[in-house]
Amino acid sequence: MTVSELAPYGDEPAQMPSGTPGKNGFLRLGFARRGARTALVTLQRRAPLLVQQALYWDEELPDLACVVIVDTAGGVVQGDRYEVETELAAGCRAHVTTQAATRIQEMDANYASQAQRIVLHDDAYLEYLPEPVIPYRHSRFVARTSVCLPESATLLYAEILMPGRKHYRGGEVFAYDLYSSGLSVDRPGGRELFAEKFLVEPARSSPARPGVMGGFHVLGNVLLLTSVAGTERVLARMPAVGEHADGWAAGASRLPNGAGLSYKVLGMESEPVRATVREFWSTARLAIMGRPAPARFPWR
Amino acid sequence: MISELLRALQFGDSMFPVGGFTFSNGLEAAISGRVVRDPPTLAAFVRTATRAAATSDGVALLEAHRGTRSGDPYRARAADRALYARKPNEELRAMTVRMGHKLAQAGARIVGGGTLGGWLRAVTEEATPGTYPAGLGVLFGELGVPEAHAFAVHQHGVAVMMLGAALRLMPLHHLDGQAVLYAVDGSVADDYRYASGLTPAEMSAFTPQVDVLAANHVRAHVRMFMS
């Protein structure tokens, strides 16, 4: 990956060269309709990434294929180069999450990266709702996600970014070296609808500034990519203003080129942000699929 | 050199009729959200906005400028579309396109010529969104204003727009506003050095609080500004 912000991090790790076996996690997930349900018909994997099978735990949408991505290394370390490809055939519905928070471990050389590609076909519906990302002190992480979907398909994509191990050793907040996350959304045929790139280098410019994180610590970044009609149905169900005195704020905005909605949540701790993202998830699912999100598992 | 300076002054002037006075670039929302309360928080908020502009709007402006200087109109249009696709907030998109369309009309009328006529046509026929930074890059490229000066004029313009709005939105002495502008302008040279090495695919902006404030401003009951 040739990316300007990685220029300072070209040194190789002493433990093992970057991207070698053990550091090149890979997943290819392919979903297709099998009768009334969606099945995981293609599963290719390489450690440290692991998926075992699709389960069907969603009581509101029992045909929804639910997949948990596991990182058997227990965290992303320097020199890791992960790739994840997800494709949903026409009419499929799936929910993809992670088994635990993505911990981006402390680094003293090189960086870690993740490249993701998500392709949806007509009328497909994917909820991609991983657990939060926690960038440890001195970590360097680059993520690039490319999404391709037609207007009839829907992707709910939510990421929760922690400031670090906030409650560890006196507090580790915005102590990472680099967090660079880019996402692009195209229609089949290549027309770009929307893109965003967050480039956070706390040593160059503090994320605590007014207008950036502005004193908040946790960011919930949700994208609902769906039809224009679906977007308006979701907006109609949302409260007019999402600002609260009790320590969190949120707002929804229509994306360019009819791509869908952006919903951002700011809070001080992960739980209120996750709860707010979950509420949005349920509102969106109700508007798009006619069913709310399932009851929360107490252990998640 | 004198004529290029005068072109930069005329078309970059806050009084140039592109409707800049109707927008606050998120400042109204920040003040009503109590994020901006006094000159220090105003300065920090304006600096956040100019930093984000440098790595997004500024990159599109430079690409449009370079495309125009090299005789390739499609680079400007590609930069324009890429910038528009990277603005998640509908009010801020409306702001940049409204100002951009007025600038395109003004440029074609006052300066004329094939390049600016072609840009206006592309914008009116919706072949390209017509964002203000891309349009300014095309105009200054055509007028021979050096790219660093074009970048600087745009950055300065972002700060001036916000400080002009601040004078109407909060208790602020004119000279305090000018002091903020002077300080913020001090970052432009470094911002240019950084932005001039980026490609449009590398455009970035990290302003979640601005995004949340601007999102809620859309439906606010009492508004003086359109963004």
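Q: In which sense do β9 and β12 of chain A pair, parallel or antiparallel?
A: Strands count as paired once DSSP finds at least two bridges between them. In this predicted model, β9(A), residues 125-128, and β12(A) pair in the parallel sense. Four bridges join them. One residue pair to look at is A:Leu126 with its bridge partner in β12(A), A:Leu155.

Q: Which strand runs antiparallel to β12(A)?
A: That is β15(A), residues 218-225, joined to β12(A) by seven bridges. Here A:Tyr157 has A:Leu223 of β15(A) as its bridge partner.

Q: Are the faces of β12(A) covered or not?
A: Count neighbours: a residue is buried if 20 or more other C-beta atoms lie within 10 Å of its own. For β12(A), residues 154-161, eight of its eight residues are buried. One side carries A:Thr154, A:Leu156, A:Ala158 and A:Ile160. The other carries A:Leu155, A:Tyr157, A:Glu159 and A:Leu161. Both faces are covered.

Q: Which residues have the most contacts inside the largest nonpolar core?
A: In soluble globular proteins, nonpolar side chains tend to be buried together. The largest core in this model has 155 residues. Those with the most contacts inside it are A:Leu126, A:Leu155, B:Val46 and B:Met162. Helix α9 of chain B, residues 147-169, gives the largest share, eleven residues.

Q: What is B:Val46 in contact with, leaving aside its neighbours within four places in sequence?
A: Its partners are B:Ala159, B:Met162, B:Leu163, B:Val180 and B:Val184.

Q: What is the strand order in the open sheet of seven strands in chain A?
A: Read across the sheet: β2-β1-β5-β8-β11-β13-β14, with mixed pairing. The edge strands are β2(A), residues 37-46, and β14(A), each pairing on one side only. Neighbouring strands are turned by 10° against each other on average, direction ignored.

Q: How many bridges join β1 and β2 of chain A?
A: Nine, in the antiparallel sense, with β1(A) spanning residues 26-34. Within this pairing, A:Ala32 has A:Ala39 of β2(A) as its bridge partner.

Q: How many residues of chain A are in contact with chain B?
A: Interface size is often given as the accessible area lost when the parts come together. Here, use contacts: 34 residues of chain A meet 33 of chain B. On the chain A side, β14 (192-200), β16 (242-244), β17 (248-254) and β18 (260-267) each supply at least two residues. The largest share, nine residues, comes from β14(A). By type, the chain A side divides into 18 nonpolar, nine polar and seven charged residues.

Conventions
Residues are numbered from 1 along each chain as its sequence is written. Chains are lettered from A and ligands numbered from 1 in the order in which they are written. This is a predicted model: local features need pLDDT of at least 70, side-chain atom pairs count only at pLDDT 80 or more; totals for chains, interfaces and linings use all residues. Two residues are in contact if their C-beta atoms, placed from the backbone, lie within 7 Å. Ala, Val, Leu, Ile, Met, Phe, Trp, Tyr, Cys and Pro count as nonpolar, Asp, Glu, Lys and Arg as charged, and the others, Gly among them, as polar. Axes are lines fitted to C-alpha atoms, for helices over the stretch in contact, and angles run from 0 to 180 degrees between N-to-C directions. A nonpolar core is a set of buried Ala, Val, Leu, Ile, Met, Phe, Trp, Tyr and Cys residues joined through C-beta atoms within 7 Å. A residue is buried if 20 or more other C-beta atoms lie within 10 Å of its own, exposed if 12 or fewer, and partly exposed in between; C-beta atoms are placed from the backbone.
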